[in-house]
Each structure stands twice: as C-alpha cells, then as structure tokens.
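Could you open the model in your viewer and keep the selection box handy? We will go from stop to stop, picking residues as we go.

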Amino acid sequence: MSKEKSLLFFGTAFRLVAIDPAEMRIAVKDGKVPPIPVRKSVNYSDSGLPHCAGYAVHGSKVYMMGGHWMRKEALDDPTKIPNVESPADGEAVINSNVYVADLVTNSMEFELYPVCKMNAPKNKPKVMEIKGKLYVLSNFSHLPESYDTPTFEVYDPKTNRAKALPEPPFFPPDFDVQFDDDDGYAINKWFAVRGKKIYVMAENLYYSYKVETKRWRMSVTHAWTIESIRWGFLLPGYDDVLFRFHQNGVLSAYLIYPGNQIWVGQDLRFEEAENAMVEGNIHLRWDKGKFVEMGKYKVGAIVPGGDIDNNFVVFIFTFVVSKLDRPRHRPRPNQPPPCPLEFPDDPYHPYFESKFLSVTRLNMGIYNLGPRLSFQEDVIISAFFANGV
C-alpha cells in the first residue's frame, strides 16, 4: 500500500479479511449485494494454515497464533464438531505456531509464514498486545490438547521467543462447562486496564493477572458487570456503557448502574441499511455480531448473515460515541436502581425514555463475500483493528 491506511479485520473459521472502513458504502441495487472491497485476505485451507487462530497487530505486522487443522470433508456435517487431523508432517491436532505477515505491502494476499513455536498448542486463543509483547491465553475447547501446559504465554516479537507464564486458576476447567454451540468460547471477555492488569471472565467469574508481578487472583473489581458484559460490549473509554444487538436488528446501548442493574437504555437504528437488507433478501444473525474497539469512544461492528443464494454476507458499520448529561431520574444513594438486569426488547419500554449518548455514524457497508465455505461460516470468530498501516 502506497500510503497509510486504517484496516478493519474480521475472521471466520475459514478466512481472514481486511477492509478500509473509510471506503464502506451501502450500494445494494436491484437486489444485488456488491462484493466486499477487500484490501487483504487469506483462505486458510488454500494457504495451508490452521483455522480458528488468535490475532494481534503490532506495528506494521499482524500475528496469527495457534488454531487447529481441519478436514475439508467434515466441514459441512452439522451433526458434529468439525473433525481435525494432523497435517502430513505429524504436527499436533492443535497448532502451536506463531505466524506473521507484513501489512505494508501491495499484495492482496496475507503472506503469513511461521516464525516461532509456542511452548504448547492453543485452540481459539485470546491474544492481546501490551507494551510491545503479545500475551496468549488458551481458550476453553472440546479438544483435550487445548489444556496442555503452559496455557498462558507471552511472545516477544523483538526476540522471537515465547515464554511460559503462571497457569491461570481456571485451568484445567470444570468439564461440565457449557460450550457455545458455534465457537466453544467460554472465556467470554478479556481486556487490559492501562497495560498493568489483564482481566479475564471465565465460567462466569472474573480473574485478574498483574503484568508486573506475574500473579493471578480472583477479582472483584469488575464483578458488578459480569452478567452485563457477558451478553454485550463495554464501550472503550467508559466502564458503564454497554452495547448489545437484538434479534430484530436494533442496536441498544445501556447505562449500567453499580450493583449490576440497567439504569437506562437507548436504541439505535440503521434505516438505510434495513432498506438495503430487504431489497437484497438478506438475513443477518444479529446474535453473532462482533464489536471491534477502534480507539477511545470509537467502535466498529460486523454482523454476519446470508442471502437466498447461500452467499456469505456481512453488514459492517463504524460509529463514535460520547456521553450526554446523565438522565434526570438518577437513583438516590441507598435507593435501589430502577430496572433489574433484564434487557428490554421493546423500544417503548420506559427505560428507553432518556437519551444519554450522542452517536455519530461514520461508515456503513453491506457486502457479499461469495458462496459460504461451510454452514458454520456465518459466525465471526475474531475481529480487530489496525490504525495507520
């Protein structure tokens, strides 16, 4: 690429795609959904890469970590978890490689190549960049190799080495844990606070890892938001604003009151996109939408779906949020919050009466990525943002 761009990435179980969000447009015409304006992409099977890896961006490079190998003939069997197998060289079912690709190239393909091996394989890992190092955490999985130790490592791009970190207290897991039918994620959230602590929500409990002391502990700092953020996305820059999609295509914002209660809600609609979806005969899986942090108060969202021709379709939009003055009916000290932790779907619900956010929509786009590669492709497994690459 000849000049710096900001790229929005999203990955399914079968491919990784990057687009320039500034170029997005709604352009459905005569029932036809336009192809996605891809900046870079890769098909894992065609490139001999593992599926369901974790990602992080550091500088001008994207790092792909872990994942598993998948048999093509098993992809469309809806009765079972996709089978996995070892590649020809005898590599483990779950992958331990660290791959890297340079984003500052004119190539449309991600040229991912292995540069290092972690100390243990990791399936669908969570990856986070903190102060130039990549922290990699194994995720809950149906595959027993997912819990090979170490389950938590740090990779340093400068030395190209991965080091084991102290084992998290939630591994090995209680195997009575209920896995998500689509992606098996039981680690629902993980995020860092000022580069000093990593918070993890696992099996409905919060844990924290202090980067400096390398110690895990059960955390109560964010305990009041556990149920709230389990089903939503905390807005970057605020610790009490939550976004959540509804099945009817409404994006709702909630102000969460300490004590795990909804204070007030506000609905956001996208009329232009709704009309385009009707014209293109598009069905979106709003419950599988993925939010992306794009900076302080700035958010991207990717919602997967399909059309009547079984093509894989995505609705992508970006927006910036700022708080207005707080609602008038603020609970008094020691007074119970006005609304229990239930997400009202009715936009005429009394808790949607007060507007507390100013939302500026930036760009939107509805795109066709071609035929679905499997019945499972209407799930976004990972999404991330790279600024100025």
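The tour below goes through aromatic pairs, salt bridges, charged patches and a few backbone details.

Before you click, note that this is a predicted model: local features need pLDDT of at least 70, side-chain atom pairs count only at pLDDT 80 or more, and totals for chains, interfaces and linings use all residues. Residues are numbered from 1 along each chain as its sequence is written, and side-chain values use heavy atoms, with hydrogens and water left out.

**Stop 1: aromatic rings**

A search of the whole structure finds 18 aromatic pairs. Here rings of Phe, Tyr and Trp (its six-membered ring) pair if their centres lie within 6.5 Å; planes under 30 degrees apart count as stacked, over 60 as edge-to-face and the rest as tilted.

Start by selecting Y55 and F384. Their ring centres are 5.4 Å apart and the planes meet at 20°, so the pair is stacked. Because Y55 sits in strand β4 (residues 54–58) and F384 in strand β25 (residues 382–386), the pair ties together parts that are 329 residues apart in sequence. Strands (E, at least two residues) are DSSP runs, as are helices (H or I, at least four), and both are numbered from the N terminus.

Are these two residues buried or exposed? Y55 is buried at a relative accessible area of 7%, and F384 is buried at 11%. Buried means under 20% relative accessible area, exposed over 50%, and partly exposed in between (1.4 Å probe, protein chains only).

Now pick F317 and F319. This aromatic pair is stacked, with 5.8 Å from centre to centre and 20° between the planes. Both F317 and F319 are buried.

Widen the selection to F243, F245, W286, F291, F315, F317 and F319, which form one aromatic cluster. Within that group, F291 belongs to strand β21 (residues 290–295) and counts as buried at 13% relative accessibility. Add R244 as well: F291 and R244 are 47 residues apart in sequence and 9.3 Å apart in space, C-alpha to C-alpha.

**Stop 2: salt bridges**

Side chains of opposite charge can pair when their charged atoms come close. How many salt bridges does a search of the whole structure find? It finds two, where a salt bridge is a side-chain nitrogen of Lys or Arg within 4 Å of a carboxyl oxygen of Asp or Glu.

Select R39 and E23, which form a salt bridge with their closest N and O atoms 2.4 Å apart. R39 lies in strand β3 and E23 in the loop between β2 and β3, so the pair ties together parts that are 16 residues apart in sequence. R39 is partly exposed, with a relative accessible area of 23%, and E23 is partly exposed at 33%. While E23 is highlighted, add G365: their C-alpha atoms are separated by 8.7 Å, although the residues are 342 apart along the chain.

Next, go to K122 and E153, whose side chains meet in a salt bridge (2.6 Å, N to O). This pair links distant parts of the chain, with K122 in the loop between β7 and β8, E153 in strand β10, and their positions 31 residues apart in sequence. Both K122 and E153 are buried.

**Stop 3: backbone details**

Most residues other than glycine have a negative phi, and most peptide bonds are trans.

With that in mind, select C52, which has a positive phi of about 60° although it is not a glycine. C52 is in the loop between β3 and β4 and is buried, with a relative accessible area of 5%.

K124 likewise has a positive phi, about 50°, and is not a glycine. Look for K124 in the loop between β7 and β8 (126–130); K124 is buried at 11% relative accessible area.

Then show T149 and P150, which are joined by a cis peptide bond with omega about 0°. P150 is in the loop between β9 (133–137) and β10 (152–156).

**Last stop: a loop residue**

Finish by selecting K214, in the loop between β14 (205–210) and β15 (215–218). At 47% relative accessibility, K214 counts as partly exposed.
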